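Trainee: Got a minute to go through a model with me? I'd like to start with the aromatic residues.

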Amino acid sequence: MTSELNRREAITSLAALGAVGVGLTAGRSNAAPLLSADALGYDAVKGEYMLPDLPYGYDALEPAIDAETMTIHHDKHHAGYVAGLNKALAMLHAIRWEKGDPGTIQHWERQLSFHAGGHVNHTLFWTGMAPANHGGGGEPTGKLADAIKRDFGSFDKFSWQFQAAAKSVEGSGWGWLVYEPMSARLMITQMQNQQQMMFAGAVPLLGVDVWEHAYYLRYQNRRADYLAAFMGIVNWPEIERRFAAASV
Ligand code: MN3
């Protein structure tokens, strides 16, 4: 299999996930993608994804998110999703190539959805945060600020709904601010696990991880406190960039 084929398959696989509008602003080839292949750690020669480094130190988001949580979350959890994604792609390739047992397809497609979701979600998560007073926190400006006011009423109303949605995710999952390109509007969605409950076409702009591994060491069961702290480290300039890329 050529690396080009690998690359196309990988992109197609990721694009099949509703959560992943990545690179799928198709027909907008002049727009910067939501995430580049480099940002996702994609190695076109190996046809595999690598774990990207954090864009800051493990302790950079203190006190909102502690260094131990960041270390385990990135080096263990995120790494696990990358490994799982590569494994699923390799297994699907092998089954297809050898016309192997079609009964195993469902299992590996589920693995692909979960781990590809995990990889993309976490890559967006890390880069969607920045240290407080070094780009993190405050409110968005420009066209994103205007769109938030139009679609939610005000930044405060947006922030309230975003935190309420994330807080009430059943079990493990995410809260997301997404752009729905067909009607050109913003929405807030919940996500269960790494992929469920997202709808096709939704472009993820801002996500907050509400798996317990994201906050339990510091906050225990106080998910709402974690969410309030998260709002103080949102990298709004990066979210504005994603919105601009998605809404061209
Ligand atoms: Mn996580």
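Trainee: How many aromatic pairs are there?

Mentor: The count comes to 16 aromatic pairs. Keep in mind that this is a predicted model.

Trainee: Give me one to look at. Phe 125 and Phe 230, how far apart are the ring centres, and what class is the pair?

Mentor: The ring centres of Phe 125 and Phe 230 are 6.1 Å apart, and the planes make an angle of 15°. Planes under 30 degrees apart count as stacked, so this pair is stacked.

Trainee: Where do the two residues sit in the chain?

Mentor: Phe 125 is in helix α3 and Phe 230 is in helix α7, which covers residues 223-230. They are 105 residues apart, and the pair links distant parts of the chain.

Trainee: Phe 125 and Phe 230, buried or exposed?

Mentor: Phe 125 is buried, and Phe 230 is buried too.

Trainee: What about Tyr 215 and Tyr 226, what are the numbers there?

Mentor: That aromatic pair is stacked as well, with 5.0 Å from centre to centre and 20° between the planes. Tyr 215 lies in the loop between β5 and α6 (216-219), while Tyr 226 belongs to helix α7, so the pair ties together parts 11 residues apart in sequence. Both Tyr 215 and Tyr 226 are buried.

Trainee: Which residues form the aromatic cluster?

Mentor: One cluster is made of Phe 125, Trp 126, Phe 152, Phe 155, Phe 158, Phe 162, Trp 174, Trp 176, Phe 230 and Trp 236. Phe 125 and Phe 230, the stacked pair from before, are both in that cluster.

Trainee: Trp 174 is on that list. Which element is it in?

Mentor: Trp 174 is in strand β3. Its relative accessibility is 0%, so Trp 174 counts as buried. The C-alpha atom of Trp 174 is separated by 5.5 Å from that of Val 208, which is 34 residues away along the chain.

Trainee: How covered is β3 overall?

Mentor: Strand β3, residues 173-180, is mostly covered: eight of its eight residues are buried. That holds for both faces. Gly 173, Gly 175, Leu 177 and Tyr 179 are on one side, with Trp 174, Trp 176, Val 178 and Glu 180 on the other.

Trainee: Which sheet is it in, and what is the strand order?

Mentor: The order is β4-β3-β5, an open sheet of three strands with antiparallel pairing. β4 and β5 are at the edges with a single partner strand each, so each has one side left without a neighbour in the sheet. From one strand to the next, the twist averages 20°.

Trainee: How many bridges are there between β3 and β4?

Mentor: Eight, with β3 and β4 (residues 185-192) pairing in the antiparallel sense. Gly 173 is opposite Gln 192 in β4, and Leu 177 is opposite Ile 188 in β4. The β3 and β4 hairpin has four residues between the strands, and Ala 184 there takes a positive phi near 55°.

Trainee: And on the β5 side, how many bridges?

Mentor: Six bridges join β3 to β5, residues 203-209, and the two run antiparallel. Gly 175 has Val 208 in β5 as its bridge partner.

Trainee: Switching to the metal. What are the protein donors of the manganese ion?

Mentor: His 73 (NE2), His 122 (NE2), Asp 209 (OD) and His 213 (NE2), at 2.0 to 2.2 Å from the ion. Their spacing in sequence is H-x48-H-x86-D-x3-H. Asp 209 is buried, with a relative accessible area of 0%.

Trainee: Now helices. How do α2 and α3 meet?

Mentor: The axes of α2 (residues 67-97) and α3 (residues 105-127) come within 8 Å and cross at roughly 145°. The crossing is left-handed. By class, the contact of α2 with α3 has 16 nonpolar, 11 polar and two charged residues.

Trainee: Last one, for my notes. How many helices and strands does the protein chain have?

Mentor: Eight helices and five strands. From the N terminus, the elements of the chain run α-β-β-α-α-α-α-β-β-β-α-α-α. Of its 248 residues, 48% count as buried.

Notes:
Residues numbered from 1 in each chain as written. Predicted model: local features only at pLDDT ≥ 70, side-chain atom pairs only at ≥ 80, totals over all residues. Heavy atoms only, no water. Donors = N, O, S within 2.8 Å, 3.2 Å for Na, K, Ca; no water. Buried < 20%, exposed > 50% of the residue type's maximum accessible area, 1.4 Å probe, protein only. Pairing = 2+ DSSP bridges. Axes fitted to C-alpha atoms, helices over the stretch in contact; angles between N-to-C directions. Left-handed = near helix turned anticlockwise from the far one by under 90°. Nonpolar A, V, L, I, M, F, W, Y, C, P; charged D, E, K, R; others polar. Phe/Tyr/Trp six-rings, centres within 6.5 Å; stacked < 30°, edge-to-face > 60°.
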